[in-house]
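The following exercises are to be worked through with the sequence and coordinates at hand. Each task is followed by a solution in steps.

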There are 2 protein chains.
Amino acid sequence: MSAGEPVFNRPALEQLLGKRFFYAPAFSLYGGVAGLYDYGPPGCALQANVLDIWRKHFVLEEDMLEVDCSIMTPAEVLKTSGHVDRFSDWMCKDLKTGEIFRADHLVENVLEARLDGDKIARNAPVETKADKDEKKKKKAAKVTAVRLEDATVQTYKEILAQIDNYSGPQLGELMRTHQIKSPETGNDISEPVVFNLMFASSIGPTGQFPGFLRPETAQGQFLNFKRLLEFNNDRMPFASAQIGRSFRNEISPREGLLRVREFTMAEIEHYVDPAKKDHARFNEVANYKLNILPASVQLQGKTELLSISVGEAVEKKIIDNQTLGYFLVRIHMFLTKIGINPDRIRFRQHMANEMAHYACDCWDAEIHTSYGWKECVGCADRSAYDLTVHTNKTGEKLVVRERLPEPLVEEKLQLEINKKVFGPRFKKNAKAVEDHLAALEQCKQAHDSTGSFAVAVNGDSFDITKDLISSFEKVSITTHIREFTPNVIEPSFGIGRILYCLMEHVYWTRPEGEARGVLSFPPIVAPTKCLLVPLSTNEAFVPVLNQVSGMLRRSGVSSKVDDSGASIGRRYARNDELGTPFGITVDFQSVQDNTVTLRERDSTKQIRESVDVIVELLKDMCEGRSSWAEVSAKYPAFVSQEVAE
Amino acid sequence: MSAGEPVFNRPALEQLLGKRFFYAPAFSLYGGVAGLYDYGPPGCALQANVLDIWRKHFVLEEDMLEVDCSIMTPAEVLKTSGHVDRFSDWMCKDLKTGEIFRADHLVENVLEARLDGDKIARNAPVETKADKDEKKKKKAAKVTAVRLEDATVQTYKEILAQIDNYSGPQLGELMRTHQIKSPETGNDISEPVVFNLMFASSIGPTGQFPGFLRPETAQGQFLNFKRLLEFNNDRMPFASAQIGRSFRNEISPREGLLRVREFTMAEIEHYVDPAKKDHARFNEVANYKLNILPASVQLQGKTELLSISVGEAVEKKIIDNQTLGYFLVRIHMFLTKIGINPDRIRFRQHMANEMAHYACDCWDAEIHTSYGWKECVGCADRSAYDLTVHTNKTGEKLVVRERLPEPLVEEKLQLEINKKVFGPRFKKNAKAVEDHLAALEQCKQAHDSTGSFAVAVNGDSFDITKDLISSFEKVSITTHIREFTPNVIEPSFGIGRILYCLMEHVYWTRPEGEARGVLSFPPIVAPTKCLLVPLSTNEAFVPVLNQVSGMLRRSGVSSKVDDSGASIGRRYARNDELGTPFGITVDFQSVQDNTVTLRERDSTKQIRESVDVIVELLKDMCEGRSSWAEVSAKYPAFVSQEVAE
């Protein structure tokens, strides 16, 4: 991508995205609602293309079982899954105005503002204008040039490095210790209280059947585990996948598409035997290098990245197992395939307190944006948590029964007591003593050798004499079936966040003349692949235009005709903003010899070939089988274009 | 399609669909929730294929602007659109048990049961077993063999023919007149009361911002009208489209996927100049014949279909205009393309009372199923209703401004009164009299000829003498811009309903041996296109299998390998149930000469050709460019198959 201007200009990008209707605040005629957005035609096509690649990259490539489940979910399901009790953020109020803040965001904003003030006071460079504009929107704390103690700066930095790791009471404690007030009013702030992030409703006409909008697509997949396992002919490991809308009633949505109340997710639940977390295709990815940020580093208040092959990371137990490592690589491959800058991707491990209630380990794929590093894909090890809680609640066993390759033979002690003597002698302790005996290998030895021994049960000692025991033998028990609850590795993609990051990464402006925005989407994700422009509105061009557009449609290459009267340059400028990678111009020569020029968006270079060749080249480039670099190396550059009559 | 058995066996189809996990009741581990379903892998793939065809048939073919809007909607928006007040059904209660019924369903069920009882009493044939099973599920009224008066039978039939046309009070009246009680208990029933069908929630942390889940995807499109018009370079007519989830809190969901609480819709909003409802491509469809059932026929208590070309129907004003007619044909083409039986499609016009509050005309594409005729696509003329109410509420003009081809010159009367005389003479009536004068062409004539005349305003007569008027002239007013609110033609598709109807239409059982179910999906919609079966688990087949599966993947033909140990016959039977149209068998000859056999599902006929030829044929058939009839006519049938070693 071209260097563009040195400073990323977010307002200019946002203006472009709004003008070309990639997305816009929903319900803006009614004043809008924070955290709800509508996608216009180019945003909608971009999303469809990214989801199509996602489906091919994950579902088809790995033979996953895709499902499409209900969004409306009975409260009982989400009570069992832990979401009713624990899917929440900490919220606090300005004690006078009632303004509501998300507690961790408030601490973060105020401390960042103080650090900025300190930098100004020390004459150190502060962040860019775009960042400041955003701060204003977030209603963050005012920046005042006040120099802080060196130790205070250090403390603030350490707090910020682990801001996601504090509980509500800890955040309250931080607010008191560091005198954090309501940023605009200076008023005192309430103690943080829990706010559940699910949208509540009720199902049916009685109003007595509570439900929530799902906060993730995962539960629908877990509840269908038995059907899916059967559909997969009982083979393990396997994965289900789902693309769909989820809902979170955020306390303070912010940062555009990065924190919203309604969003499209793509989630995979990969079910694996907890005893075999190796992955069959791990060797294909073992040398793939990732930039990672383990929890241990963050807990030291540091954020330095470690570049390491996933093979080495798994070997050193930095990443727990092969399956987790395999998916981190597949996630990285997907993100770079759709156009995310690989230098701006890192994998950050969650710290204990920030982990979702169902996870035992979690790595986020974070993408760097003008807002900082943002979580876009979570890759959690949910262990057996969900299948276990649903099994316990419903009594329906969500387990795998696996025929053992050879029967398992175990020696077990079998005890038969002399009930007539045992009961009367030990009375209420009889059961406890019996259980204790059965479990004790030593008792058997003592029994066999001395015939009598003593045991301690619940703090009391009991003499076990020979007359109490009828038989005490070792027997062999043979098992043919192993039953286990699979562990779940869950790569979970926030599609809107990824789209926003992508749009930041591919945005630049042409330096020539007045700044002109360009979105350099890779051809495979671009909303429209090709612009068709007749040189002018002359009727003579129509047959060739129709021919080309028909051939492109049959080849599955989406195109748009722009036969407006605007100059070719203006028509191309509009399509730079829409991120259309290619343009075909039909001119008078086209009418005579059926050749057309093909222009590439980023280089603005052109070639001229027959319609047949151009359509074939476009098809290959738009399906990712070749690139403009290859095409322009092979075909001569075309320079002199006719001008409109 | 084969004749199969004479009577459609719904329980057998349902069992198949459940066993192969096309769909299943959601949350069944928790006892399930009526009206909520999950789609398993084949159902999910079928839906994706149908939506893909929908997108190509409508969005791409007609250059529609696709959007993806918020589901969560502020209450104020739906208050304006009329949904808060009028998007409701009539509900009544068993006065003792509190059981809740949808009022029209209750009347329908009870009267149908009485008619059935009458038939039994007259020894006439009643409906099939499958229907009865369904009745039981619906908890419909018990059928008792009681003969009715002939006149009563006639009355009941007339009521049922227009059951959708009654208001709540009318339904209450019918219940009293016809002694309708709670079917299971015989208790009295309450008067019907209104029940709003939207799921309510609240947005944000304060709990003071009410919202609803959208009951249709249309409002999001209307609210973006200005952005869409601008995106379309202000050209008219144009259409937006949206595929997405909508929600209706049905009183009594029933009939499987046909009446659910959460569903995927695909909706088109076609914006058209109310003065130009002709359609540019109408001539392409004018001779297309449709089976229609106009409102006038239904109001006579009849249901006979009229087969008529859409050109004639529009000419005779049975269908209001060309654009509506054009879309009815496009809907019919879409339904038959995905495999709906054209003999089981009719277009039924809504009667006045059943029309949604926003519609001024509506035709439903109804599909015939074992449950009777079911609405699957609505095609409503919403006139300017929605854009007008949102304009009035928000003050944001949702209009089109069109430069007139030539300026419009209108003669208008311009009146200037002599205020000094006029006001004092007419006092509080002055304004009304002035307004009245300005509008009256005759006043001008009277003024010019006699100089004095009398007018009647609000029942009083006023003498207008010359001194009252300063000037009264005709002037020319020139307009360059015409401003109008577009009308909206809305084809709206219930995808789940269409999928269910499709599954009924393509289901049959092979007569040979024990009954084996087959789903004869057309190749373009089939969840999986091709089954790959090695003759046995012999390792020798693996290279050819991998070759074929790789070539199919690159050709975009989805395939599944079944290398289980089961017999080839059993593997094909399983895939008959999944509706997989083709099967490739790899045998020992394949390993030697790279030929494979291709089997077609419905005929079970085979051909044997090289892998290259077979892949090419599959690609053409699965993309709808050729058919098995063509292929089997061209290539020799293959009969003798090797058997497994």
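**Exercise 1. The nonpolar core**

Which residues does F493(A) touch, not counting residues up to four places away in sequence?

Solution. The model is a predicted one: local features need pLDDT of at least 70, side-chain atom pairs count only at pLDDT 80 or more, and totals for chains, interfaces and linings use all residues. Residues are numbered from 1 along each chain as its sequence is written, chains are lettered from A and ligands numbered from 1 in the order in which they are written, and side-chain values use heavy atoms, with hydrogens and water left out.

Step 1. Apply the contact criterion, heavy atoms within 4.5 Å. F493(A) then touches W54(A), F58(A), T264(A), M265(A), A266(A), I268(A), I331(A), F334(A), C376(A), V377(A) and I498(A), leaving aside residues up to four places away in sequence.

Step 2. Place this residue in its core. A nonpolar core is a set of buried Ala, Val, Leu, Ile, Met, Phe, Trp, Tyr and Cys residues joined through side-chain atoms within 4.5 Å; buried means under 20% relative accessible area, exposed over 50%, and partly exposed in between (1.4 Å probe, protein chains only). The largest such core has 200 residues, and F493(A) and F493(B) have the most contacts inside it.

Step 3. Look for a further core. A second, separate one of 30 residues includes F582(A), V586(A), V596(A) and W628(A).

**Exercise 2. The relation between the chains**

Determine the operation that lays chain B on chain A.

Solution. Step 1. Superpose by least squares on the C-alpha atoms of residues with pLDDT of at least 70 in both copies. The RMSD is 0.3 Å, with a turn of 180° and a shift of 0.0 Å along the axis. This is therefore the relation of a two-fold axis.

Step 2. Locate the axis. S201(B) is the residue of chain B that comes closest to it, its C-alpha lying at 2.6 Å.

Step 3. Compare the interface residues. The copies meet through the same surface, because 100% of the interface residues of chain B are also interface residues in chain A.

**Exercise 3. Chain A and its helix α21**

Describe the overall make-up of chain A, then the burial of α21(A).

Solution. Step 1. Count the elements as DSSP runs numbered from the N terminus (helices H or I, at least four residues; strands E, at least two). Chain A has 24 helices and 28 strands.

Step 2. Assess burial and contacts. Of its 645 residues, 56% are buried. Among contacts in chain A between residues at least 6 apart in sequence, 71% link residues at least 24 apart.

Step 3. Turn to α21(A), residues 568-578, where nine of 11 residues are buried. Among them are R571(A), R574(A), D576(A) and E577(A). Just after this helix, G579(A) adopts a positive phi of about 75°.

**Exercise 4. Backbone exceptions**

Where do cis peptide bonds and positive phi values occur?

Solution. Step 1. Recall the background: most residues other than glycine have a negative phi, and most peptide bonds are trans.

Step 2. Examine omega. A cis bond joins M236(A) and P237(A), with omega about -15°; another joins M236(B) and P237(B), at about -10°. P237(A) sits in the loop between α10 (225-231) and β10 (238-247) of chain A.

Step 3. Examine phi. T604(A) has a phi near 60° and belongs to the loop between β27 (595-600) and β28 (606-610) of chain A. S383(B), with a phi of about 45°, is in strand β16 (residues 372-383) of chain B.

Step 4. Check exposure. T604(A) counts as partly exposed because its relative accessibility is 35%; S383(B), at 22%, also counts as partly exposed.
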